[in-house]
Amino acid sequence: MDLIHPNCINTPSFSAKNHRLLRSILQTKSNDRFSSIAPAAAAASSSPQNSRNGTLTTSRRIRTTSELVGKSSDAMEQLDIERGVCVPFRKYTPQTVRNKVLETRGTTLSLMLRGVEIVWNLGFYWSSLVYDYLVGRDKEVVPYRARQLRNLLCDLGPSFIKAGQVLANRPDIIREDYMSELCILQDDVPPFPNEVAFKIIEEDLGQPLEAVFSQISSQTIAAASLGQVYRATLLDTGEDVAIKVLRPEIEPIIYRDLFLFRTLASFLNGISLQKLGCNAELIVDEFGEKLLEELDYTLEARNIEDFLENFKDDPTVKIPRVYKKLCGSRVIVMEWIDGIRCTNPKAIKEAGIDVDGFLTVGVSAALRQLLEFGLFHGDPHPGNIFAMQDGRIAYVDFGNVAVLSQQNKQILIDAVVHAVNEDYAEMANDFTRLGFLARGTDVSPIVPALEAIWQNSAGKGLSDFNFRSVTGKFNQLVYNYPIRIPERFSLVIRSLLTQEGICFTLKPDFKFLEVAYPYVAKRLLTDPNPALRERLIQVLFKDSVFQWKRLENLIVLAKENVTKMSSNPALQVKNTQNSRNGQAQRKLDLTDTIRDGARLFFVDEGIRRQLLLALTEDSKLHIEELVDVYRLVEDQIDMPSVAVEVARDIPNVIRDFMLSWSDKVLYDR
């Protein structure tokens, strides 16, 4: 009987309508699509002090703040606060949904009939689970009931198919054995008739198919919960394109289901607050907001343009071009990707593609999306990822895209740093800041569980570490404690697990972290973001003691990342075209790191003291360790270029030093 948490369905939300105008106003240096929200609200959600006031027991009892309980709009406000982003334009609000479904007597009657259909079908299924439990066979029939649930969701339509896809990645809501069965919904959804699809294409294009395309496939290339894809050839240019078409008459059904979901959620708020530490209406609002955005293909076209912009200087990643003049709210036409889907690993190997190089590029691209851009593909299943003959990785299907604010990205990096430093109390506080735990929750009971999960997994080393083993243990944690996984992070988890699964399919002995760690090491050492410089310092100092071995490991891993990436055929072609840039690609460029380090040494008294203590700790000069570090980087550093950069930065160093000195004088007075 322990099938589902007393909760509803949850997906990430991000209003992308008119986002280009908004981004031009609010864009930050970190390439976020939205700026942080008001500092007071952000501080309220992320303050470490706010995570120590409540109580938490293993019986999943929780005390939360009053902001989570109020009016229906409070759920939307809470979403904005925990995301750390400003969303002024919304396609979804509870009031909008209500107005749509209660607009006329006809829509109200349709809503009632839909409610009866849902209650009848789900009620019959639930009664079967109760019967299984009463007769004591609930465990032995799990595989059958899981298949029955998947088929039931397909019968109930797009909203429930989408909900099933979401539940397939929500260990805080549903059991793991049911999650495995629901994963089938991500790839196996029945298509709708071609005649209906072709009529929708003609209506959106405003002209017959033969006036635009010289040919179009008679069978769907792929079918999903909200739409399906055909292959066609443009009449004017002869280019092959992919046509994605929205399912017919889907929007009224979605609105009715969202209204019913939220009505049910209003009765479950108390249980949800106790079990997951959040309002059930908030979870439905996340789901509804994202679902309505996916119904508008003009938003997907904008997502593609954003990915194109992010990867424009990366020759190892292919993003399809979108034909904006042929796109509408129900149809999107994009460049056809001539590659091999990751659903066919045998074909990839037979094509002679360098599997190691391809997997390295894929992991690096995924981490760039997550930690650098804050805009990442939310559904990278094998059917959406292609291996190209020239070594590139290609992505398709950008309807499910999630966004992390600059604040969220920094907290994620903080969590990595805290994991490296084995600071599990701060890791637990990071969960509160990210929205996994309600503000005011006492994190102390979770700390030992986090420590056990990480030490048992990380203790095996990079060769045996995998995300799936960690996730399995984490699933038990979130199911036993009042932890809610915000949907944007459930997408992150799913994305990492899916891509790790692709890696294992192509190469069973592939070590995901052996690629991920070098990328993170390279970013810490070379990224120009000042915030990452601070994290680098935190990694290098533990309990005020400088970690020389850790610095050496970071350099070795970073060099390894550069070596693996530079061997990719697509990157080698670009390097041939631009030999100067090619030399930079084959070396670990530490110029900015050295320049910034020199500036910090002269300007920041605290850093200067720490570094001097590092060189003289234990009453000895650590010349040998310094020489070892230099030997690791001497072949990577162009000393004349570094000297020029440092010399150019001298005026800035002097200015910062004078400002720091004047502030100190004023403060002392």
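**Exercises: contacts in a predicted model**

Tyrosine 230 is buried, at a relative accessible area of 0%. Buried means under 20% relative accessible area, exposed over 50%, and partly exposed in between (1.4 Å probe, protein chains only). This is a predicted model: local features need pLDDT of at least 70, side-chain atom pairs count only at pLDDT 80 or more, and totals for chains, interfaces and linings use all residues. Residues are numbered from 1 along each chain as its sequence is written, and side-chain values use heavy atoms, leaving out hydrogens and water.

**Exercise 1.** Classify the ring pair of phenylalanine 198 and tyrosine 230, and place both residues.

*Solution.*
- Start with the rule. Rings of Phe, Tyr and Trp (its six-membered ring) pair if their centres lie within 6.5 Å; planes under 30 degrees apart count as stacked, over 60 as edge-to-face and the rest as tilted.
- A search of the whole structure finds 6 aromatic pairs.
- For phenylalanine 198 and tyrosine 230, the centres are 5.2 Å apart and the planes stand at 55°, so the pair is tilted.
- Phenylalanine 198 lies in helix H9 (residues 194–205) and tyrosine 230 in strand E3 (residues 227–234), so the pair ties together parts 32 residues apart in sequence. Helices (H or I, at least four residues) and strands (E, at least two) are DSSP runs, numbered from the N terminus.

**Exercise 2.** Classify the pair of phenylalanine 311 and phenylalanine 373. Are these residues buried or exposed?

*Solution.*
- The centres are 5.1 Å apart, with 85° between the planes. The pair is edge-to-face.
- Phenylalanine 311 sits in the loop between helix H12 (297–310) and strand E5 (317–318), and phenylalanine 373 in helix H14 (residues 355–373). They are 62 residues apart.
- Phenylalanine 311 has a relative accessible area of 4%, so it is buried.
- Phenylalanine 373 is buried too, at 5%.

**Exercise 3.** Find the salt bridges that arginine 330 makes with glutamate 203 and aspartate 204.

*Solution.*
- Apply the cut-off: a side-chain nitrogen of Lys or Arg within 4 Å of a carboxyl oxygen of Asp or Glu. The whole structure holds 23 salt bridges.
- Arginine 330 and glutamate 203 bring their closest N and O atoms to 3.0 Å. Arginine 330 is in the loop between E5 and strand E6 (331–335), and glutamate 203 is in helix H9, 127 residues apart.
- Aspartate 204 meets arginine 330 at 3.1 Å, N to O. Aspartate 204 lies in helix H9, so this pair ties together parts 126 residues apart in sequence.
- Check exposure. Arginine 330 is partly exposed at 26% relative accessibility, glutamate 203 at 46% and aspartate 204 at 23%.
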